[in-house]
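Biologist: I'd like a close look at one part of this protein rather than a quick tour of everything. Could you pick up the helix with the aromatic rings on it and walk me outward from there?

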Amino acid sequence: MKRIAVAVTALSLASVTGCGDTGDGEASPASGGRTLTVFAAASLTETFTALGAAFEGSHPGLKVRFNFGGSSTLAKQITEGAPADVFAAASPATMKPVTDDGAASGPPRVFARNRLVIAVPKDDPGKIHGLPDLTGPTLKVVLCAEQVPCGAAAKKAAAAAGVTIRPVSQEQDVKAVLTKVRLGEADAGLVYRSDVKAASPQVKGIEFAESAKAINDYPIAALAKAPQPGPAGEFVRLVLSQQGRTVLTGAGFESP
């Protein structure tokens with residue numbers, strides 16, 4: 001097992017501003033333009049914020065508003081009628097309710113892949129080296145809930161390693177897991193490689209071989225009832241483009 005590099009990416013993704021500050025998906029009073037609403041998995045926060053800023057730069061008068069969260073929760077909101085233009089999920093399974101409901105404008109496209117790592121505080125109090133270490137009786141481990149893609153992936157990885165992990169809590173998205181590790185409220189958590197990279201140097205990531213058995217594909221689709229169908233399709237094309245791929249792989253995602 002080896003520790004992954006967690007050097008801060010030169011993109012400084014987390015510092016990007018200018019996205020997500022408008023309200024209702026219609027006209028933006030401040031800009032006199034329109035708002036594109038993107039529902040996206042929490043693990044896409046830094047990369048999509050950067051891509052949203054680039055999209056705004058090439059579309060004067062248009063603002064990009066993001067709703068980041070657990071993919072299963074976002075899918076439920078969409079099928080219940082929440083107004084949105086684009087949905088980017090962290091797994092095909094959480095995209096499926098949207099496509100089954102007829103809420104996607106076309107077949108989703110996989111734009112990235114992501115794998116789990118063990119996130120630990122920078123001083124690594126639990127002295128973690130691999131998944132078997134997460135079974136220690138005194139260790140505080142946090143996972144995503146199983147209905148969330150990172151939780152489903154954690155379950156697969158644990159099964160591949162032949163271990164049973166008993167978390168002290170199960171969170172609704174990967175950022176919540178990462179926050180508990182970063183604040184020292186947990187000794188370890190299973191999160192995506194990209195999340196550890198974004199949180200460097202406050203947390204460290206430990207790779208483990210079984211992560212190869214639980215890689216998540218990330219699909220994206222413009223939505224059938226998008227208030228802004230034209231920009232929705234253009235944003236999807238940006239994510240699928242070489243520019244989008246460069247931002248994603250620079251943040252720790254893998255190409256599909």
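Modeller: Here is a walk that starts at one helix, follows its rings, and then takes in the surroundings. Bear in mind that this is a predicted model.

First, the setting. The protein has eight helices and eleven strands, and 53% of its 256 residues count as buried. Among contacts with a separation of 6 or more, 79% are between residues 24 or more positions apart.

Now the helix itself. α1 has 14 residues, and from its first C-alpha to its last it reaches 20 Å, close to the 20 Å expected at 1.5 Å a residue. Its buried residues are Glu-46, Thr-47, Phe-48, Thr-49, Ala-50, Leu-51, Gly-52, Phe-55 and Glu-56. That list takes in two glutamates, Glu-46 and Glu-56, along with two phenylalanines, Phe-48 and Phe-55.

Let's take Phe-48. Setting aside neighbours within four places in sequence, Phe-48 is in contact with Val-38, Ala-40, Phe-66, Phe-68, Ala-88, Phe-111, Ile-220, Phe-235 and Val-239. The largest nonpolar core has 68 residues, and Phe-48 is among those that touch the most other members, together with Leu-44, Phe-111, Ile-118 and Leu-134. There is also a second, separate core of 13 residues, which includes Phe-39, Ala-75, Ala-89 and Ala-103.

Next, the rings. The structure holds nine aromatic pairs. In one of them, Phe-48 and Phe-66 are tilted, at 6.3 Å centre to centre with 55° between the planes. Phe-48 sits in helix α1 (residues 45-58) and Phe-66 in strand β3 (residues 62-69), so this pair ties together parts that are 18 residues apart in sequence. Both Phe-48 and Phe-66 are buried.

Further along the helix, Phe-55 pairs with Phe-235 in an edge-to-face arrangement, 5.5 Å centre to centre and 85° between the planes. Phe-55 belongs to helix α1 and Phe-235 to helix α7 (residues 229-240), so here the parts tied together are 180 residues apart in sequence. Phe-55 and Phe-235 are both buried. Put the rings together and you get one aromatic cluster, formed by Phe-48, Phe-55, Phe-66, Phe-68, Phe-111, Tyr-192, Tyr-218, Phe-235 and Phe-253.

Moving out from α1, have a look at Ser-71, which lies in helix α2 (residues 71-79). Ser-71 has a relative accessible area of 2%, so it counts as buried. Leaving out neighbours within four places in sequence, Ser-71 is in contact with Ala-41, Phe-87, Ala-89, Ala-90, Thr-94 and Pro-149. Two of those names come back below: Pro-149 is among the buried residues of α4, and Ala-90 is among the lining residues of a cavity.

So, on to α4. Its 13 residues (149-161) should span 18 Å at 1.5 Å a residue, and its end C-alpha atoms are 18 Å apart, which agrees. Besides Pro-149, the buried residues of α4 are Cys-150, Gly-151, Ala-153, Ala-154, Ala-157 and Ala-158. After α4 comes Gly-162, which has a positive phi, near 70°.

As for the cavity, the structure holds one of 30 Å³ or more. About 60 Å³ of space lies in it. Of the 13 residues that line it, Ala-42, Ser-43, Ala-90, Val-148 and Val-174 lie nearest its centre.

Last, some backbone details to look at on screen. Most residues other than glycine have a negative phi, and most peptide bonds are trans. Asp-124 has a positive phi, near 45°, and is found in the loop between β6 (116-121) and β7 (141-144). Lys-127 lies in the loop between β6 and β7 too, and its phi is also positive, near 50°. Buried or exposed? At 3% relative accessibility Asp-124 counts as buried, whereas Lys-127, at 55%, counts as exposed. Then there is the peptide bond from Ser-200 to Pro-201, which is cis, with omega near 5°. Pro-201 is found in the loop between α6 (193-199) and β10 (203-206).

If you want one place to rotate the view around, start at Phe-48: that residue is buried, belongs to the aromatic cluster, and is among the core residues that touch the most other members.

Technical notes:
Residues are numbered from 1 along each chain as its sequence is written. This is a predicted model: local features need pLDDT of at least 70, side-chain atom pairs count only at pLDDT 80 or more; totals for chains, interfaces and linings use all residues. Side-chain values use heavy atoms; hydrogens and water are left out. Helices (H or I, at least four residues) and strands (E, at least two) are DSSP runs, numbered from the N terminus. The expected span of a helix is 1.5 Å times one less than its number of residues. Buried means under 20% relative accessible area, exposed over 50%, partly exposed in between (1.4 Å probe, protein chains only). A nonpolar core is a set of buried Ala, Val, Leu, Ile, Met, Phe, Trp, Tyr and Cys residues joined through side-chain atoms within 4.5 Å. Contact means heavy atoms within 4.5 Å. Rings of Phe, Tyr and Trp (its six-membered ring) pair if their centres lie within 6.5 Å; planes under 30 degrees apart count as stacked, over 60 as edge-to-face and the rest as tilted. On a 1 Å grid over the protein atoms alone, a cavity is a set of points where a 1.4 Å probe fits but cannot get out, and a pocket is an open set with protein on both sides within 12 Å along at least five of seven lines; lining residues have an atom within 4 Å of a point. Grid points are joined across faces, edges and corners, and a volume is the space filled by probe spheres set on the points.
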